[in-house]
Amino acid sequence: MRVPVLLALVLLQATCTVNADYAGVGFACSEVEACQSGLRCVAGTCQVSAGIDAGTDATEADAAIVECIPTIALSDEFSGALDAQWTVLLDNGTTAEVVDGVLVLSPAVAIPPRFARVRSAAFAMDGRRVFAEFPLMVNTDTMSVGEFLLVNSAGDAFFLRQSQGILQFGTIIDGATRIVKASSFAPSSQRWWQMRMVAGQVLADYSADGEQWTNLAVVEADTIVGDLMVEFAAGTPNRINDPGQMQIDNVNSGTGLCQ
């Protein structure tokens, strides 16, 4: 079978490819984690190599072309004011504001638990990834909490959380928190956090640069049902005199993983 040049060019523009040799199917590659034979790494994503558009006989790489999951309207570098895709939820004394293109959440110095939260609309998470950069984390020497959650309408959630210098990945179901994995928090090497849903699992990753990712842990996706909202939260479980702030930048869930 010969693939017309025009059709192949359209496929190159409109589709992505499956990298069967890598757990993050069809979305991650680098000089360290190269693409499989017949694919090339473009902007961190394995894609069909240019030679396939020349009208040659079909190859295994041709067969790997699949439709990508459509993008969703959640991609924000916070270049201006906090826009309408985010809902702001503030406890008394907390604040959420955009400063120099970065979202800043500030906890309150208070005895009762108080959090500043921003939350997106709900969307189908299956086959997608969500990541963000955290240029500044709440005070890691205290019990101040910085969180990145995928939460459903019932309040059940997958979360990445930093408190007291520990990075945790876990779930909240019916109000009960389960820690799946915890490790020491390193601000430089864990500056970026990511959660992705692939093949019935939710994977939590971290990165120093937003390009090369290290997996922290995995949990079954069916433990939490329904569409999910992206939420960022910073707060204090009790009185903390110096809770610090959490900065969030470069939020993106617009790139769907390939099926």
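Which residues of S11 lie on one side and which on the other, and are they buried or exposed? In this predicted model, local features need pLDDT of at least 70 and side-chain atom pairs count only at pLDDT 80 or more, while totals for chains, interfaces and linings use all residues. Residues are numbered from 1 along each chain as its sequence is written, and side-chain values use heavy atoms, with hydrogens and water left out.

Strand S11 spans residues 145–151, where helices (H or I, at least four residues) and strands (E, at least two) are DSSP runs numbered from the N terminus. Val145, Glu147, Leu149 and Val151 occupy one side and Gly146, Phe148 and Leu150 the other, and all are buried, a term that denotes under 20% relative accessible area, with exposed meaning over 50% and partly exposed in between (1.4 Å probe, protein chains only). In a regular strand, side chains alternate between the two faces of the sheet.

S11 pairs with strand S18 (residues 228–236) in the antiparallel sense over seven bridges, pairing being assigned if DSSP finds at least two bridges between two strands. Within S18, Gly235 is the bridge partner of Val145. An antiparallel pairing over six bridges also joins S11 to strand S12 (residues 157–163), in which Phe158 stands opposite Leu150.

Seven aromatic pairs are counted, the rings of Phe, Tyr and Trp (its six-membered ring) being paired if their centres lie within 6.5 Å, with planes under 30 degrees apart taken as stacked, over 60 as edge-to-face and the rest as tilted. Phe131 and Trp213 form a tilted pair, at 6.1 Å centre to centre and 50° between the planes; because Phe131 lies in strand S10 (residues 129–136) and Trp213 in strand S17 (residues 213–220), this pair ties together parts that are 82 residues apart in sequence.
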